[in-house]
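Student: Could you take me through one part of this model up close, starting with how a pair of helices pack and then working outwards? I'd like a single connected walk rather than a list.

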Amino acid sequence: MSQSHSDHPEFLQHHFSDAEQQRESAKLGMWLFLLTEILLFGGLFVFYAIYRSWYPEMFINAHTVLDVTMGTTNTIVLITSSITMALAIRSIQLGRLKQTVWYLVSTFGLAGTFMVVKYFEYAHKFHLGQLPGHFYTFTGIEGTNPHVFFSAYFLMTGLHGIHVFVGMCLILWLIVKTKQGKFSPQYYTHIEMTGLYWHLVDLIWIFLFPLFYLVG
Amino acid sequence: MTENTHTNEPHVLPLSIYLGIGSILIFLTAGTVYAAGIDFGAYNLLIAMAIATIKASLVAMYFMHLKYDNKLYLLLFLSAIVFLAIFIVITMFDTLRRGDIYEIKSGAIRDAVIYDSLPADTTTHAIADSLSISTDTTDVVIDTTH
Amino acid sequence: MNKMPETHYLNCKKGIKSWLTTVDHKRIGILYLLSIMFFFFVGGMFAVLLRLELLTPDKLYIDSDMYNQFFTLHGAIMIFLFIIPAIPAILGNFILPIMIGAKDVAFPRLNLASWYIYMVGALFAVFSLVAGGVDTGWTFYTPYSTTTSTSVISITLGAFILGFSSICTGLNFIVTVHKLRSPGMTWFKMPLFVWGMYATALIQVLAAPVLGITLLLLIIERVVGIGIFDPAMGGDPVLYQHFFWFYSHPAVYIMILPGMAIISEMITAHSHKKIFGYKAIAYSSLGIAFASFIVWGHHMFTSGQSELAAMIFSFLTFFVAIPSGIKVFNWVATLYKGSIAFTTPMLYTLAFLFLFSIGGLTGIFLGALSVDIHLHDTYFIVAHFHYVMVGGTVIAFLGGLHHWWPKMWGRMYNETLAKISCGLIFVGFNMTFFTQFIMGAQGMPRRYHLYDEAFRPFHAFSTYGSWVMAVGFCLMAYYLIRSLYNGKPAGNNPWGALTHEWQITSPPPEHNFETIPITDHGPYDYDKVVAKSTLTEN
């Protein structure tokens, strides 16, 4: 290395020349990861689009069994958690550690609320037999192949739910790390990356909500 | 390198932006639920998707900082959407257009004839007769209509 | 006489643990080399066994069920475990960071993780091999794949996991190219190998997630029965093919683009002439990457998709020929009036040009809708994709392996044996697969265990060719392994090439560069800069 490295911070890995290069690399890597996530969910959106175009009446009939109140509640919960996440990043940028922890805890709590509401929704559907494929035993929906609607519903909200769960684990880990004082306005890459991930999870829900609960 | 021209200072947005955008998002959520209660016929889906797209753009531009960050990230984000659109649109050229040109009649698939050797006279008709299938090839018997 | 450097990346740390926990991109490249070559050997064994069975029209030594499993495993192993990762994970990992003057890839730990993910995926694939095999073909088409009793789940799970490995590598390369280029290394001073890897990485990142969701849906459909692909429940098997080929067609370009990238590198280095049409080759890589995403339906012309879609796909397919043609013409123009050295890598380059042209042009026949109706599911298809995948990618990979072998190990292989082996592979390959074009055009269907007596001479000749090829590969394994012990030290720059990797010692030091290199000339400025070969000056 030819450049002087008197200001070589602990978190800087040897193959980067400065902290900015490391941060920008992490961010580009994260965006590429988000791109793969969009395409992963994309496959399911294609599935939804094609079956909806084949059986539009069935989709409209089937969507009425979903609980709009619960769906709306969850949408607002998730959007609020996105706001608190964004504010957590802002706080760490300003060096306010305690505030950061508080915002992260709120985000975690809101994510937990989302999962609890989701649990009640799922439990209700299991009870009524509004289930995918072979397991579909419900009889109250007019139209062709109503079980396909529930296949789409459970796959898409299920994969989304898994992402929420992973996000909760990451946020928990961030809370611990922040309390240990690992982050500072100079180095908060992990919070920023988790934030990006969390906003993407919110973003996907923003589309799932109207597609299933509102217009079927 | 041209991409590393940012300073080391983090770009901090004012609190009002986050709270403002958050309020708009919640307002739009209420709006889309309200709009779903009114029947616009074929436009229902379009309206719901338009509102969702606005919400998603706000999240991406402000919460995910795409408005302020390196435009490369915006390009990546949009390219994901573009490739997804390619996937959906081209697949639908198939799924919505099957049977446009040839009328495909659905029905049971005929019993296959299992044979060990070809008959001595191997003209097309002879083979066709031995397999008891019609040489009228428009009579395709696979169900692909939906 | 050249001497080996005293310390380098191979001997700076010792012990098996230092290898299994390494984050050095060069060592990870070597780990990939060993594991991928092992699976190349396994896949190759299946190929030889299949050809042997096809020597006679009737059963020779395996029954039809076993035959179905053999061709499935040959395909699945060669595609998912060998040809997709081969060039990016071995040569890309080893060479790309050095070429752009970086000390490592952007995420070294992710890089190591990708190797472990690869091994886990491979383990699942091997498990399916011992747990009853798979007989669906490497494409896992529904509805057969959801009803057959063979172990489809473990192999698709394996492919699913391998997809993640592929994403990790691709993601790493994109960030490395964007953020870790050394001073002076502008986009248009990057070697074309880097451009090719970059385009490949873009496809990996964009397409592999769709494979992930596809295989996941297939597994869920098989285990739970959710009715997406099952016609009995209102599902659509053709939709599976859309999902599968939306990934797998771009995947074909994940396989060929790195091969093209190597050829661009070798053709200038061994003809000591500036590449013809640098920007055209660089942009055509991106062009191929984009075009690969809009042509997938040409795998489905006879599957029952709509005539409209088939026509659109057929039309779009011809566009792929344009960037591919641009590349081939530029390579040929590069050779013109160059001082060509007929080294082993150059022989492979010439073999590539010949074989890839045949493979590419027959692809245009198959892209034409009406011709495909006649040729689909015949040996013509088999011959076409082997000409592209083996004649293109594998030949380029072997050329690249010979080109960078002295850099990897610091020693030269036996040039005479290498040329003989190259000749055997070239002749054997053409014997095996050119015959299959003829058979296919005459109507011999692919994947048939028993066939008509009329095709016997063709099948027999094809099998003889596979033996010639096998001898060539064995010879190669022999002299490459031998070179590690008593090969002549190669010196820094055995080919007299100008890119960064030839300016450092062979094998490279642990952190690649003592000082960060400054790039002041283009990668192929043979008209301005003179680089002498370290082999001839002694």
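Tutor: α8(C) passes α10(C) in a crossing that is left-handed. Keep in mind that we're looking at a predicted model. The axes of α8(C) and helix α10 (residues 307-335) of chain C sit 10 Å apart, at an angle of about 15°. With angles under 35 degrees counted as roughly parallel, α8(C) and α10(C) are therefore roughly parallel to each other. On the α8(C) side, the contact is made by C:M260, C:I263, C:I267 and C:T268, and these meet C:K327, C:W331, C:T334 and C:L335 of α10(C). Sorted by class, this contact has five nonpolar residues, two polar and one charged.

Now stay on α8(C) and look at another partner, helix α3 (residues 64-99) of chain C. Here the axes come within 8 Å and cross at roughly 40°. That angle makes α3(C) oblique to α8(C). As for handedness, α3(C) and α8(C) make a left-handed crossing. From α3(C) you have C:I83, C:I84, C:I87, C:P88, C:L91 and C:G92, meeting C:A251, C:I254, C:M255, C:P258, C:G259 and C:I262 of α8(C). No charged residues turn up in this contact of α3(C) with α8(C), which has ten nonpolar and two polar ones.

α8(C) also takes us out to the neighbouring chain. Chain C puts 29 residues into its contact with chain A, and chain A puts in 28. On the chain C side, α6 (152-179), α7 (192-223) and α8 (237-269) each supply at least two residues. α7(C) gives the most, with seven residues. By class, the side of chain C that touches chain A has 19 nonpolar, seven polar and three charged residues.

While we're on α7(C), zoom in on a residue of that helix, C:E221. Is C:E221 buried or exposed? A residue with 20 or more other C-beta atoms within 10 Å of its own counts as buried; C:E221 has 23, so it is buried. Leaving out residues up to four places away in sequence, C:E221 touches C:T146, C:I226, C:I228, C:F229 and C:D230. C:T146 is the one to pause on: it lies 75 residues from C:E221 along the chain, yet their C-alpha atoms are separated by 7.0 Å.

How far should you trust these details? Chain C averages a pLDDT of 94, and 100% of the residues score at least 70. Among the elements of chain C, helix α14 (residues 415-441) has the highest mean pLDDT, at 97, while helix α5 (residues 144-147) has the lowest, at 88. For the complex, the predictor gives an ipTM of 0.93 and a pTM of 0.91.

Cross over into chain A and there's another helix pair to look at. Helix α5 (residues 146-179) of chain A and helix α6 (residues 189-214) of chain A have axes that come within 10 Å and cross at roughly 155°. An angle over 145 degrees counts as roughly antiparallel, so that is how α5(A) runs relative to α6(A). This crossing of α5(A) and α6(A) is left-handed. Among the α5(A) residues in the contact are A:Y153, A:M156, A:H160, A:H163, A:L170 and A:K177, and the α6(A) residues they face as a group include A:H190, A:Y197, A:W198, A:W205 and A:F212. The contact of α5(A) with α6(A) divides into 14 nonpolar residues, six polar and one charged.

α6(A) then leads on to chain B. In that contact, 38 residues of chain A meet 38 residues of chain B. α1 (19-54), α3 (68-93) and α6 of chain A each supply at least two residues of the side that touches chain B. The largest share, 16 residues, comes from α1(A). The class split on this side of chain A is 26 nonpolar, eight polar and four charged.

Chain B itself rounds off the walk. Chain B has four helices and zero strands, so read from the N terminus its elements simply go α-α-α-α. Of its 146 residues, 22% count as buried. Take the contacts in chain B between residues at least 6 apart in sequence: 54% of them join residues at least 24 apart.

Key: Residues numbered from 1 in each chain as written. Chains lettered and ligands numbered in written order. Predicted model: local features only at pLDDT ≥ 70, side-chain atom pairs only at ≥ 80, totals over all residues. Contact = placed C-beta atoms within 7 Å. Nonpolar A, V, L, I, M, F, W, Y, C, P; charged D, E, K, R; others polar. Buried ≥ 20, exposed ≤ 12 C-beta atoms within 10 Å, placed from the backbone. Axes fitted to C-alpha atoms, helices over the stretch in contact; angles between N-to-C directions. Parallel < 35°, antiparallel > 145°, perpendicular 65-115°, else oblique. Left-handed = near helix turned anticlockwise from the far one by under 90°. pLDDT = per-residue confidence, 0-100.
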